[in-house]
Structures are given as structure tokens and as C-alpha cells.
Amino acid sequence: MFPNPVRHITFHALDPYRVATFWSAVTGFPIHPDDVEGDEEILLDPGQPGVPGLLFIRVPDAKSAKSRVHLDIQPPTGTRDETVDRLIGLGAQLLDDRRRADGSGWAVLADPEGNELCIERSAAERGQG
């Protein structure tokens with residue numbers, strides 16, 4: 001078995017600290033203790049070997065097109081809908097609601113700078129937990 005070669009998943013951001021704070025709430029990964037508001041780069045460190053961190057790097061221009069890559073999030077606790085509501089409360093925007101009456105489906109959100117993410121059903125909702 002080979003170790004995971006992915007060290008970081010990198011996001012470009014106008015305000016790396018703000019976007020990292022949002023994603024910290026999404027993932028539960030803490031902001032690296034050496035990183036502070038105003039830094040050019042902010043790392044969310046999962047603290048688990050083989051799990052890539054999320055790295056937010058300051059860029060001068062805003063996102064201008066649809067993301068070609070996004071993260072699919074399966075809530076570790078609670079439900080998909082509770083997670084959608086919580087993230088909207090933290091500044092996310094609902095872009096596309098693909099949830100179905102039978103409970104399947106997902107919601108497409110954008111973080112405070114427009115990066116897309118999908119919220120899927122939790123393991124418990126899928127009968128896996």
C-alpha cells in the first residue's frame with residue numbers, strides 16, 4: 001500500500017484567513033498554530049497522517065468561473081440538512097438544491113468566496129453508521 005501522495009488541497013482566496021475559518025467549521029480541521037489573520041497562507045492541519053491539509057493562499061483576483069474541482073462533504077455527525085443550514089449560517093450560499101423527497105441527493109453550496117462544495121447525506125442517514 002502506497003502512502004497518500006496528496007499533501008495539501010489548495011484554494012486561492014482574497015482573504016485566506018476568512019475562507020480558512022469557514023472551512024475549519026466544515027471539516028473540523030484546526031488552523032495551524034503558526035498561522036494568523038493577515039498571513040499570505042493559512043493551513044488547516046488535519047493532524048492525521050495520510051490526510052491532506054487544506055491550504056489557502058492569497059491571490060489578487062476574485063474567483064471568476066465555475067470551479068473545476070470541489071469537495072464532497074459527508075457530515076460526521078447530524079444530518080445533511082442540518083449541515084447545510086449551519087454552513088449557510090456561516091456565510092455559505094446555496095447554489096443548487098439536488099435534495100429529493102425520498103431523502104437522497106445533495107446540496108451544492110459556495111463558500112464565502114464562491115468555491116463550490118457539495119453536502120451529501122451523513123453515514124447515519126445512509127444507514128452506514
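Which backbone oxygen does the side chain of Ser-122 reach? In this predicted model, the side chain of Ser-122 comes to 3.1 Å from the backbone oxygen of Gly-78. To find the residue, look in the segment after β7. Ser-122 has 2% relative accessibility, so it counts as buried; the cut-off for that label is under 20%. Leaving aside residues up to four places away in sequence, Ser-122 touches Gln-74, Pro-75, Gly-78, Thr-79 and Arg-80. Gly-78 is thus on this list of touching residues and also provides the oxygen that the serine side chain reaches.

From this buried serine we can move to the largest nonpolar core. The core has 21 residues, and the members that touch the most other members are Trp-23, Phe-56, Leu-87 and Leu-117. Two or more residues come from each of these elements: the strands β1 (8-13), β2 (41-44), β3 (53-58), β4 (71-73), β6 (107-110) and β7 (116-119), and the helices α1 (16-27) and α2 (80-89). The element that gives the most is α1, with 5 residues.

Leu-87 is a useful place to see how parts of the chain meet. Not counting residues up to four places away in sequence, Leu-87 touches Phe-22, Val-26, Ala-92, Leu-109, Leu-117 and Ile-119. One of these, Leu-117, is also among the core members that touch the most others.

Next come the empty spaces. Rolling a probe the size of a water molecule over the atoms shows where such space is left. The largest pocket has a volume of about 410 Å³. Its lining is made of 20 residues, and those nearest the pocket's centre are Thr-10, Phe-11, His-12, Ser-67 and Asn-115. Strand β1 supplies the largest share of this lining, 5 residues. Sorted by character, the lining holds 9 nonpolar, 6 polar and 5 charged residues.

The second largest pocket contains about 200 Å³ of space. Its lining consists of Val-26, Thr-27, Phe-29, Val-51, Pro-52, Leu-54, Leu-71, Asp-72, Ile-73, Gln-74 and Pro-76. Both α1 and β4 supply at least two of these residues, and β4 gives the most, with 3 residues. Here the division is 8 nonpolar, 2 polar and 1 charged. Two names in this lining, Val-26 and Gln-74, have come up before: Val-26 touches Leu-87, and Gln-74 touches Ser-122.

Val-26 also helps to show how far the chain runs along this part of the structure. Asp-15 and Val-26 are 11 residues apart in sequence, and their C-alpha atoms are 17 Å apart in space. Asp-15 is located in the loop between β1 and α1. Is Asp-15 buried or partly exposed? Asp-15 has a relative accessible area of 29%, so it is partly exposed. Apart from residues up to four places away in sequence, Asp-15 touches Arg-58 and Glu-113.

A last stop is Arg-100, in the loop between β5 (93-97) and β6. Arg-100 is partly exposed because its relative accessible area is 46%, and a residue must be over 50% to count as exposed. The side chains of Arg-100 and Ser-104 are joined by a polar contact of 2.8 Å. Once residues up to four places away in sequence are set aside, Arg-100 touches Gly-105 and Trp-106.

Technical notes: Residues numbered from 1 in each chain as written. Predicted model: local features only at pLDDT ≥ 70, side-chain atom pairs only at ≥ 80, totals over all residues. Heavy atoms only, no water. Core = buried A, V, L, I, M, F, W, Y, C linked by side-chain atoms within 4.5 Å. Buried < 20%, exposed > 50% of the residue type's maximum accessible area, 1.4 Å probe, protein only. Helix = DSSP H or I, 4+ residues; strand = E, 2+ residues; numbered from the N terminus. Contact = heavy atoms within 4.5 Å. 1 Å grid on protein atoms, 1.4 Å probe; cavity = no way out; pocket = protein on both sides within 12 Å on 5 of 7 lines; lining within 4 Å. Points joined across faces, edges and corners; volume = space filled by probe spheres on them. Nonpolar A, V, L, I, M, F, W, Y, C, P; charged D, E, K, R; others polar. Polar contact = N/O pair within 3.5 Å; in protein donor to acceptor, adjacent residues only side chain to side chain.
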